Amino acid sequence: MELPMKRPALLGYKLLGTTLTLPLLTGSAWAVQLQDNSYGLDVKITAQSEDDRDLGTRSGGDVNGLGLDLRPWGYLKRGDWSAFAMGQAVTATDIIETDTLQSDDLSADSNDSGDDSREPDKSYLALREFWVGYSGLTAYPGEELRFGRQRLRSEDGLWRDTNIEALNWNFDTTLLRAHLGVAERFSEYRTDIDELAPEDEDRLHLYGDIATQWTPGHWVGLNAHHSRDDGDLASPGEVVDPLDKTTTGDLTWLGLNANSDAYSPRNTQQLNYWASAIWLTGDRDRLSSTTIGNERIATGKQSGDVNAWGTDLGLRWRFDESWQAGAAYARGSGGGGDDGSENFQQTGLESNRSTYTGTRSRVHRFGEAFRGELSNLQAATLFGSWQLRDEYDASLVYHRFWRVDGDQPIGDSGITAAMPNNDKDVGQEVDLIVTKYFKQGLLPAALAEAIDEPSALVRLRGGVFKPGDAYGSDVDSTMHRAFIDVIWRF
């Protein structure tokens with residue numbers, strides 16, 4: 001259950017705070033416009049079982065527990081103006097991942113420096129979203145400008161899927177869709193997290209996309225994204241902390257895509273497809289370091305131009321109204337010597353979750369356990385799915401992973417074990433996602449299409465990962481990550 005509001009911000013805390021206090025000052029005027037379902041409470045109970053993301057190479061890494069996640073929200077609308085806010089209160093018996101947008105580095109044993117500024121607590125309070133919207137720039141009903149912390153999401157999850165401060169313009173009509181915005185993360189807005197992740201510090205995002213339905217049920221589009229990272233790398237001889245930056249640079253992604261509305265669960269076409277090609281260019285600086293005793297010492301940096309590419313291809317066949325099956329292939333280039341100039345990387349705002357199996361459940365494109373990033377990685381995927389009206393759906397997915405270049409890293413993933421050799425075999429995984437839906441949610445029209453889970457549900461989602469030879473011979477034979485989510489909306 002994730003409330004996705006789309007779009008980005010910037011401009012600093014002072015301007016953000018000033019703007020977002022406007023609806024509070026006029027609260028009495030807005031209150032008379034409240035209608036049923038303009039506020040509510042989402043309740044999520046999550047049981048998690050995770051078996052050693054370190055693959056047995058370090059102590060700890062296991063998670064077993066139960067978490068309660070309460071998300072009160074309110075939506076106000078008056079004429080062309082609207083506002084939305086969602087809070088969050090979490091309590092759990094362990095460090096439970098109740099949020100599928102949560103960064104994988106937020107784990108109890110992820111910080112080895114003694115600095116607990118990014119070590120999560122079992123209980124915390126948070127602000128997920130708070131934004132103001134204006135829909136009077138054009139006469140089209142699917143147009144809106146939003147400012148504040150909000151959910152930005154591309155339907156494939158490969159470009160954007162996160163809550164972030166942003167100024168975002170959305171244009172969504174029957175034949176044309178477009179987004180344009182600027183975003184930068186200033187805080188996690190959680191009581192237990194004091195620092196941003198290193199890759200988010202001083203990093204500005206500019207993005208835009210446009211797609212047109214050139215024939216009924218078939219879309220073609222363009223994507224563009226620019227990331228400017230103004231952070232500093234440690235100087236030679238300095239101790240490198242786990243929260244220090246290891247890479248900076250100016251990067252630009254350009255993409256072409258086509259699909260048959262394949263990410264819409266309401267799509268009834270017999271054959272569905274998606275295809276995307278992404279080019280990455282720019283310049284990137286990477287920190288080089290050595291380990292002396294228990295400390296990591298900076299030795300310099302490697303600088304170079306980036307010339308890389310990525311692709312995601314898929315086909316899905318519908319046998320009848322209940323059963324579908326398909327195959328997919330994704331590849332992020334790798335190589336380029338010491339500076340890794342040909343290593344593809346994603347924008348840093350992605351979740352890689354989407355409805356590519358044809359059901360309403362959003363599934364991780366690179367494994368519920370492995371959770372790979374499309375960087376020096378290729379993935380072959382087979383899947384089957386089943387759904388019964390609006391009551392049940394299920395997906396069974398098989399993944400096979402390889403490194404493109406055996407001498408290069410594969411970027412971030414949910415597995416933290418090192419790859420000590422140049423073998424390309426990363427591993428394989430089987431995922432199972434099963435959902436029972438109870439009732440259709442009644443939400444304001446402006447929110448209903450953006451929210452992941454428009455109804456109450458019980459969902460099992462999990463994966464079993466079998467490491468390949470790239471991890472060496474002294475690792476666990478399997479690793480699993482499984483969740484049971486119970487979601488109810490009041």
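User: Which strand supplies the largest share of the nonpolar patch?
Analyst: This is a predicted model. The nonpolar surface patch covers about 920 Å² and includes Leu-382, Tyr-398, Val-430 and Val-486. Strands E2 (63–78), E17 (392–403), E18 (425–440) and E20 (479–489) each give at least two residues to the patch. The largest share, 3 residues, comes from E18.

User: Is Val-434 buried, partly exposed or exposed?
Analyst: Val-434 sits in strand E18 and is one of the residues of the nonpolar patch. Its relative accessibility is 34%. Buried would need under 20%, and exposed over 50%. Val-434 therefore counts as partly exposed.

User: How many helices and strands does the protein have, and what percentage of its residues is buried?
Analyst: The secondary structure comes to 4 helices and 20 strands. The protein has 490 residues. Of these, the buried share is 53%.

User: What part of the exposed area do carbon and sulfur atoms supply?
Analyst: The protein exposes about 20900 Å². One piece of the surface is the nonpolar patch of about 920 Å². For the protein's exposed area, the carbon and sulfur share is 56%.

User: Which residues have the most contacts inside the largest nonpolar core?
Analyst: Nonpolar side chains tend to be buried together in soluble globular proteins. Here the largest nonpolar core has 26 residues. Strands E10 (247–259), E11 (271–292), E12 (295–318) and E16 each give two or more residues to this core. The residues with the most contacts inside it are Phe-370, Phe-401, Ile-415, Phe-465 and Tyr-471.

User: How many residues does the second, separate core have?
Analyst: The second core stands apart from the largest one. Among its members are Tyr-263, Trp-274, Tyr-356 and Val-397. Its count is 9 residues.

User: What does Ile-415 touch, leaving out residues up to four places away in sequence?
Analyst: Ile-415 is among the residues with the most contacts inside the largest core. Two others in that group, Phe-370 and Phe-465, are in contact with Ile-415. The full list is Arg-53, Leu-55, Ala-369, Phe-370, Phe-465, Tyr-471 and Met-479.

User: How far apart are the C-alpha atoms of Met-479 and Arg-53?
Analyst: Met-479 lies in strand E20. Its contacts beyond four places in sequence include Glu-50, Asp-51, Asp-52, Arg-53 and Leu-55. Met-479 and Arg-53 are 426 residues apart along the chain. Their C-alpha atoms are separated by 6.8 Å.

User: Why does Met-479 count as buried?
Analyst: Met-479 is in contact with Ala-369, Ile-415, Gly-463, Val-464 and Phe-465, among others. The cut-off for buried is under 20% relative accessible area. Met-479 is buried because its relative accessible area is 0%.

User: What share of the contacts with a separation of 6 or more comes from residues 24 or more positions apart?
Analyst: The contact between Met-479 and Arg-53 spans 426 residues along the chain. Across the protein, residues 24 or more positions apart account for a share of 68%.

User: Which residue pairs with Arg-160 in a salt bridge?
Analyst: Arg-160 is in the loop between strands E5 (143–153) and E6 (161–172), and its partner is in strand E8 (residues 203–215), 49 residues apart. Arg-160 is buried, with a relative accessible area of 3%. The partner is buried too, at 14%. The side chains meet at 2.7 Å, N to O, and the partner is Asp-209.

User: Are Glu-368 and Arg-353 buried or exposed?
Analyst: Their side chains meet in a salt bridge of 3.0 Å, N to O. Glu-368 is in the loop between strands E15 (363–364) and E16, while Arg-353 is in strand E14 (residues 353–354). The two lie 15 residues apart. Both are buried.

User: How many salt bridges does the structure hold?
Analyst: One of them joins Asp-192 and Arg-190, with closest N and O atoms 2.9 Å apart. Both of these residues are buried. The structure's total is 27.

User: Which side chain makes a polar contact of 3.2 Å with that of Gln-378?
Analyst: Gln-378 lies in strand E16 (residues 377–388). At 17% relative accessibility, it counts as buried. Gln-378 touches Tyr-329, Ala-330, Arg-331 and Trp-402, among others. The polar contact of 3.2 Å is with Arg-331.

Note on methods: Residues are numbered from 1 along each chain as its sequence is written. This is a predicted model: local features need pLDDT of at least 70, side-chain atom pairs count only at pLDDT 80 or more; totals for chains, interfaces and linings use all residues. Side-chain values use heavy atoms; hydrogens and water are left out. Buried means under 20% relative accessible area, exposed over 50%, partly exposed in between (1.4 Å probe, protein chains only). A polar contact is a pair of N or O atoms within 3.5 Å; within protein, one must be able to donate a hydrogen and the other to accept it, and residues adjacent in sequence count only if both atoms are side-chain atoms. Contact means heavy atoms within 4.5 Å. A salt bridge is a side-chain nitrogen of Lys or Arg within 4 Å of a carboxyl oxygen of Asp or Glu. A nonpolar core is a set of buried Ala, Val, Leu, Ile, Met, Phe, Trp, Tyr and Cys residues joined through side-chain atoms within 4.5 Å. Patches are made of residues with over 30% relative accessible area and no salt bridge: like charges are joined within 9 Å, nonpolar side chains (Val, Leu, Ile, Met, Phe, Trp, Tyr) within 5 Å. Accessible areas come from the Shrake-Rupley method with a 1.4 Å probe; for residues, only the protein chains shown count as cover.
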